[in-house]
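Student: Before we discuss this protein, could you put its sequence and model up where both of us can look at them?

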Amino acid sequence: MVKPLPHIDMTRNHIENEVKSFLDLCVSKVGDNIFYSTLVIVRLLIEAAKLHDSIKEVANRPDSDSVFKRLEHATLELIKKAFELHIKSLFKLTGDYFKRGKVILAFDETYEEYFGKFRNAWIWGYKPVKGATGCFKFLVLSIVKNNRRYVLGAVPVHIGYNRVKTIAEMISFAEQFVKIKAILFDKGFYDSGIIRQLEDRNIGYVILAPKNKKTRKYLEQKGNTFEHIMETRDRHNKYELKLKIKVARNVYEYDWLILTNLDYRNTKQLVDLYRKRWNIENIFKITDKVRIRTNSTDIVIKTLLFVIALLLYIL
């Protein structure tokens with residue numbers, strides 16, 4: 001008999017108090033002449049999220065200037081620590097629910113469109129919607145267990161960031177709470193540096209491989225398991241990684257190439273496991289509906305509002 005997830009209070013007051021506790025940690029220094037309480041600011045932010053609107057359009061009293069004045073003392077490090085504390089408290093409430101057996105994690109990136117002319121290292125060239133001139137990008141780690149979705153980490157990423165190091169740090173944080181069966185990645189994470197790190201740490205992975213000159217040949221050969229070589233290097237040496245690619249032909253009317261270190265003989269089951277990664281995209285669809293809009297190009301403000309949307313999803 002499967003033990004149900006422990007009950008977590010999701011009343012309006014609980015949500016407001018949780019977001020307030022998070023915001024208090026992010027904005028540790030309160031500016032002078034602040035008239036409105038943090039709870040008033042939180043209620044306005046939640047209202048903007050519900051309406052999927054900007055703070056400027058929703059704010060009356062306090063006005064948007066008062067809101068941003070309260071938020072201006074936040075930093076990326078404070079936001080990161082506050083979100084991690086929230087995750088830790090959540091796991092205390094769930095007890096040993098996630099400790100029974102191993103879980104599946106998934107990494108993915110999500111974007112917030114940008115329409116301005118101003119450029120900085122946080123504004124990527126990718127244009128997620130028509131008319132956009134760029135975007136802000138966030139790297140997100142989520143648990144996928146029995147079709148439940150729990151966000152474990154979310155960080156903004158700038159152009160040229162060390163993706164291997166960032167992923168390693170997020171995995172290390174997750175390992176405080178769960179035993180990892182495998183991590184799911186789309187083909188955008190088909191990277192020898194990431195794979196070498198996972199191999200060195202003996203972490204299971206399932207990565208959709210791109211169809212290119214080096215991999216397409218497997219589709220034309222008999223069998224469904226092939227040795228695949230990728231090159232990687234550190235500061236001084238070059239290495240060859242001897243890996244496995246699984247071919248799943250005509251599964252859901254598609255030919256799949258999946259890089260994995262898991263021992264799956266049934267390739268359809270492997271595809272089904274990979275498809276659980278799409279659950280994290282469902283998270284993005286839901287949080288997009290409660291994303292608080294702002295024209296600010298300040299990555300701290302962008303990140304703070306994005307993480308609040310995630311908190312509302314989790315709560």
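What follows is a set of questions and answers on this predicted model.

Student: To begin with the chain overall, how many helices and strands does the protein chain have?
Tutor: Of the 315 residues in the protein chain, buried residues make up 49%. Contacts with a separation of 6 or more include 63% that join residues 24 or more positions apart. As for secondary structure, the protein chain has 11 helices and 8 strands.

Student: Is strand 1 largely enclosed by the rest of the structure, or is it left open, and what count of buried residues tells us?
Tutor: Strand 1 runs over residues 102-114, and a residue is called buried when its relative accessible area is under 20%. Strand 1 is largely enclosed by the rest of the structure, because the buried residues number 10 of the 13.

Student: In which sense, parallel or antiparallel, do strand 1 and strand 4 pair, and over how many bridges?
Tutor: Two positions help to locate the pairing: V103 stands opposite I180 in strand 4, and I104 stands opposite A182 in strand 4. Strand 4, residues 179-185, is itself largely enclosed by the rest of the structure, since 5 of its 7 residues are buried. The pairing of strand 1 with strand 4 is in the parallel sense, over 5 bridges.

Student: Which residue in strand 5 is the bridge partner of F185?
Tutor: Strand 4 also pairs with strand 5, residues 205-208, in the parallel sense and over 3 bridges. Within strand 5, the bridge partner of F185 is I207.

Student: Which side chains of strand 6 point to the face where they are buried?
Tutor: In a regular strand the side chains alternate between the two faces of the sheet. Strand 6, residues 225-233, shows such an alternation, with T225, E227, I229, E231 and R233 pointing to a face where they are not buried. The side chains that point to the other face and are buried belong to F226, H228, M230 and T232.

Student: Through how many residues does the hairpin join strand 6 to strand 7?
Tutor: Strand 7 covers residues 238-248, and strand 6 pairs with strand 7 in the antiparallel sense over 9 bridges. One position in this pairing is T232, which stands opposite Y239 in strand 7. The hairpin that joins strand 6 to strand 7 does so through 4 residues.

Student: Is K244 buried, exposed or partly exposed?
Tutor: K244 has its place in strand 7, and among the residues that K244 touches are T225, F226, I258 and D263. K244 and D263 are 19 residues apart in sequence, and their C-alpha atoms are 9.8 Å apart in space. With a relative accessible area of 27%, K244 is partly exposed.

Student: What is the phi of N202, and what is the phi of E253?
Tutor: Most residues other than glycine have a negative phi, and most peptide bonds are trans. N202 lies in the loop between helix 7 and strand 5, and N202 is exposed with a relative accessible area of 70%; E253 lies in the loop between strand 7 and strand 8, and E253 is exposed with a relative accessible area of 76%. Neither N202 nor E253 is a glycine, yet each has a positive phi, about 55° for N202 and near 60° for E253.

Student: At what angle do helix 10 and helix 11 pack?
Tutor: Helix 10, residues 278-288, and helix 11, residues 299-314, have their axes 9 Å apart and pack at an angle of about 105°. Helix 10 is therefore roughly perpendicular to helix 11. The contact is made by I283, I286 and T287 of helix 10 together with A309, L310 and Y313 of helix 11, and these residues divide into 5 nonpolar, 1 polar and no charged. The angle asked for is about 105°.

Student: Lastly, what does the count of disulfides come to?
Tutor: C26 counts as buried because its relative accessibility is 0%, and C135 counts as buried at 0% relative accessibility as well. A disulfide here requires a pair of cysteine sulfur atoms within 2.5 Å. By this rule the count of disulfides comes to 0.

Definitions and conventions. Residues are numbered from 1 along each chain as its sequence is written. This is a predicted model: local features need pLDDT of at least 70, side-chain atom pairs count only at pLDDT 80 or more; totals for chains, interfaces and linings use all residues. Side-chain values use heavy atoms; hydrogens and water are left out. Buried means under 20% relative accessible area, exposed over 50%, partly exposed in between (1.4 Å probe, protein chains only). Axes are lines fitted to C-alpha atoms, for helices over the stretch in contact, and angles run from 0 to 180 degrees between N-to-C directions. Angles under 35 degrees count as roughly parallel, over 145 as roughly antiparallel, 65 to 115 as roughly perpendicular and the rest as oblique. Contact means heavy atoms within 4.5 Å. Ala, Val, Leu, Ile, Met, Phe, Trp, Tyr, Cys and Pro count as nonpolar, Asp, Glu, Lys and Arg as charged, and the others, Gly among them, as polar. Two strands pair if DSSP finds at least two bridges between them. Lists of a residue's contacts leave out its neighbours within four places in sequence.
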